[in-house]
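Here are a few notes to read alongside the coordinates. I have kept them as numbered points so you can check each one in your viewer.

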Amino acid sequence: MIDKETQRRLPAEWESADAVLMAWPHEDTDWLPILEEAEECFTAIAEAISPFARLVVVGPDIEHIADCLRRIPSERLILVPMETNDTWTRDYGAITVVEDGETRPLDFCFNGWGLKFAADMDNRVTSRLASMGIFKHSPENRLGFVLEGGSVESDGAGLILTTDSCILSPNRNGGMSRGEILEYMRTAFGAERVVSLAHGELAGDDTDGHIDTLARIAPPGDIIFYTGCADRSDEHYEPLKAMAEELHALRTAAGLPYHLVELPLPEAMYDPEDGTRLPATYANFLIVNGAVIMPVYGQPLKDKMAVDLIGAAMPEYTVVPVDCSVLVRQHGSLHCSTMQFPANTLAI
């Protein structure tokens, strides 16, 4: 078991947080055709988070952002003028470790999920925030390694959960073997175990199967929520069943099985423009300072099932659902649009 005070570790998401990073949709992003709807959704997410944590919001027009977020007290907002390619801060925001009682943001390379999309401005967000004095300590340069925050899940006590489909993508770290990649991650995060799942991926997922769409560790660290599929005719049935079998075989550091909670797969959603299936998932929730801010999709039965399951497994947490039907049209959801900064990360 990792010593929480002295050894490097990646904090669990449910540990105390200073703030949550978001990036605002604007007309130079892919949100342009549905920009008004996107801004309404981002506003709803920010308003849901603000009672529990401050928000660091980056974007090119902070006056406009301030107007959109006018219902949030100004002391809960840190607005930073900055150009961005897109809004998925989970994947390009700093991933913050704790070592010797101090936080250290890690600045990994973000290359648009394996060179699929432009990412030059997003890849500079962490260094630009650092140059503006946002962080208490300078980020650690990890730009020689491609890694997105949505691809790693931590229990805060030595376990990192990830997926083969993502980390072995040849356009990320193709010059490294699977063993070398896992060892790099173990060292970067001070982990005792890096477990990479061989199965599970959602149709329409540009990330190649980020763990935060599939399986999430919950407090006190022995609960795992995972995306399931009950419909044998659905294309997801077999891969998600195989993933569930992997999770059933997984053991805690004490050698005990995890308490597994299967979340329903939302009813199939399709892009209204090209008809492709969208990667809707209830696993893409954010845990922050005693709250679970979770996505729902305008599906009353499935939405209620997911909210009730999370609430029952985390009774001490406030569950706040936010309709993210708009977000999945750009192939992401709520967790993808946020990145928490652990306590004592920020200098302001």
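1. Let us start with one residue pair: A19 stands opposite R54 in β2. Please keep in mind throughout that this is a predicted model. The pair belongs to a parallel arrangement in which five bridges join strand β1 (residues 17-23) to β2.

2. How does the chain get from β1 to β2? It crosses through α1, and this β-α-β crossover is right-handed.

3. Is β2 mostly buried or exposed? Strand β2 spans residues 54-59, and five of its six residues are buried, so the strand is largely enclosed by the rest of the structure.

4. β2 also pairs with strand β3 (residues 77-81), again in the parallel sense and over five bridges. If you want a register check here, look at V57, which stands opposite L79 in β3. Helix α2 (residues 62-68) joins β2 and β3 in a right-handed β-α-β unit.

5. Now to another part of the model, an open sheet of three strands. Its order is β13-β14-β15, and the pairing is mixed. The edge strands, each pairing on one side only, are β13 (286-288) and β15 (318-323). On average, neighbouring strands of this sheet are turned by 25° against each other, with direction ignored.

6. Within that sheet, six bridges link β14 (residues 291-296) to β15 in the parallel sense. A291 is a handy marker for the register, as it stands opposite T318 in β15.

7. Which helix touches β13, β14 and β15? That is α1 (residues 35-49), which packs on the sheet. The direction of α1 makes about 170° with that of β15. Helix α10 (residues 300-313) lies across β14 and β15, and it runs at about 165° to β14.

8. You may also like to look at the internal voids. How many cavities of 30 Å³ or more are there? The count comes to five, and the largest cavity holds about 210 Å³ of space. This cavity is lined by 18 residues, of which L10, P11, E13, R90 and Q340 are the closest to its centre.

9. Which strand gives the most to the lining of the largest cavity? β16 does, with three residues. At least two lining residues come from each of β4 (95-99), β7 (153-154) and β16 (339-342).

Methods
Residues are numbered from 1 along each chain as its sequence is written. This is a predicted model: local features need pLDDT of at least 70, side-chain atom pairs count only at pLDDT 80 or more; totals for chains, interfaces and linings use all residues. Side-chain values use heavy atoms; hydrogens and water are left out. Two strands pair if DSSP finds at least two bridges between them. Helices (H or I, at least four residues) and strands (E, at least two) are DSSP runs, numbered from the N terminus. Axes are lines fitted to C-alpha atoms, for helices over the stretch in contact, and angles run from 0 to 180 degrees between N-to-C directions. Contact means heavy atoms within 4.5 Å. Buried means under 20% relative accessible area, exposed over 50%, partly exposed in between (1.4 Å probe, protein chains only). A crossover is right-handed if, with the strands pointing away from the viewer, the path from the first strand over the helix to the second runs clockwise. On a 1 Å grid over the protein atoms alone, a cavity is a set of points where a 1.4 Å probe fits but cannot get out, and a pocket is an open set with protein on both sides within 12 Å along at least five of seven lines; lining residues have an atom within 4 Å of a point. Grid points are joined across faces, edges and corners, and a volume is the space filled by probe spheres set on the points.
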